[in-house]
Amino acid sequence: MMRVQSLSEGGIAEVPPRYIQPPEDRPPIHDDVTVIDNRDEDNIPMIDVFGFDSEQRDAVRKVIGDACAKWGAFHITNHGVPFELLDQIRGVGLSFFKDYPVEEKLKYACDPNSPASQGYGSKMLRPEAEAETSTVLDWRDYFDHHTLPLSRRDPSRWPHFPSNYRQVVARYSDELKMVAQKLLGLISESLGLPTSCIEDASHSDMGAITLLIQDHVGGLQIFKDSQWITVHPQSHAILVILADQMEIITNGKYRSAQHRAITNSSSPRLSVATFHDPAKTAKISPASELISNSSPPMYREVKYGDYVSSWYTKGPKGKRNIDALLVNS
Ligand SMILES: O=C(O)CCC(=O)C(=O)O
Ligand SMILES: [Fe+2]
């Protein structure tokens, strides 16, 4: 089974064509470092959430609402997750990929035939896509963990190396779940919805946001106002990215942020993303409180599980998947 790491370390002179994006999807190249820089005032908002202190709630809710409407993504600080835990999760992740042989890691390989299967993987082509030369693969390997609800958590499926890996992943996912819940409450309230609205709609614990941290290498970009904005690494902040279900529930008032990660020719890069998703059985539709004659529903109702299936069939290109639910499409 192929992994990008084996290709990358195998002494090849050039990246195989299968991994190269078409010119229109590539960032411009400056001095051999493919990073677009942007002025500070254009950069993604940095929001102090003051430890989710109730005294600051009104003010924090307001800035979060603005960031959700304008950006669909923002950094938060004073989130309560210990810095040492952020460093530990990056540390065990990097060590897993860097310090152990691919053969050992393949013992945790994900099932290439089932979407979002837990384990060590890299994007591969389904047999029917092999012939389709337009399909581009991601130049990355990943490890997908199912962490919550606890009924889905089976740490024996997670790496046993480095030795603290499982313990750190469990602690990290528990902490990040609390942050996600607090953020979803604030985001609901910022639209005048009940605090629990987005949680209820999801039926499980979560709405639909991604919390991401990256290492010092950087390369993540967010698409805003027809340009790609580089998200500079902030070692102790957490990046919040609104996902598609949030755009549906808020009837487009808040947008899901299109994003991508670009590679460079000198350093490997690590990021850790936690995905907070509705239950597969949850029906997602615009919140009734946000619907009126002047603001008719923008999206049709969808069962989250069906949305996930269509996402894996079509792949994550652009916003195609959510656009399929537009009422006026
Ligand atoms: O590499 C990154 O930081 C982006 C990862 C990402 O967007 C994802 O896994 O959905
Ligand atoms: Fe993503």
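**Note on the ligand 1 site and the mixed sheet**

1. In this predicted model, an N or O atom in the side chain of His-259 lies 3.0 Å from an oxygen atom of ligand 1. Ser-271 places a polar side-chain atom 2.9 Å from an oxygen atom of ligand 1, and for Arg-140 the corresponding distance from a polar side-chain atom to a ligand oxygen is 3.4 Å.

2. Of the 290 Å² of accessible area that ligand 1 has on its own, the protein covers 79%. Two elements each give two or more residues to the shell around the ligand, namely strand S9 (259–261) and strand S10 (271–276).

3. The residues surrounding ligand 1 are Arg-140, Leu-212, Leu-220, His-259, Ala-261, Arg-269, Ser-271 and Phe-275. By class, this shell comprises four nonpolar, two polar and two charged residues.

4. Strand S10 also belongs to an open sheet of five strands, ordered S1-S2-S8-S5-S10 with mixed pairing. S10 and strand S1 (46–48) each have a single partner strand and stand at the edges, so one side of each is left without a neighbour in the sheet. On average, and with direction ignored, neighbouring strands of this sheet are turned by 30° against each other.

5. Within the sheet, strand S5 (residues 209–214) and strand S8 (residues 238–242) run antiparallel and are joined by four bridges. Leu-211 stands opposite Val-240 in S8.

6. Two helices that lie across strands of the sheet should also be noted. Helix H3 (residues 83–99) lies across S5, S8 and S10 and runs at about 80° to S5. Helix H6 (residues 165–190) lies across strand S2 (73–77), S5, S8 and S10, at about 130° to S5.

Note on methods: Residues numbered from 1 in each chain as written. Chains lettered and ligands numbered in written order. Predicted model: local features only at pLDDT ≥ 70, side-chain atom pairs only at ≥ 80, totals over all residues. Heavy atoms only, no water. Near = heavy atom within 4 Å. Polar contact = N/O pair within 3.5 Å; in protein donor to acceptor, adjacent residues only side chain to side chain. Areas by Shrake-Rupley, 256 points an atom, 1.4 Å probe, with all protein chains shown as cover. Nonpolar A, V, L, I, M, F, W, Y, C, P; charged D, E, K, R; others polar. Pairing = 2+ DSSP bridges. Axes fitted to C-alpha atoms, helices over the stretch in contact; angles between N-to-C directions. Contact = heavy atoms within 4.5 Å.
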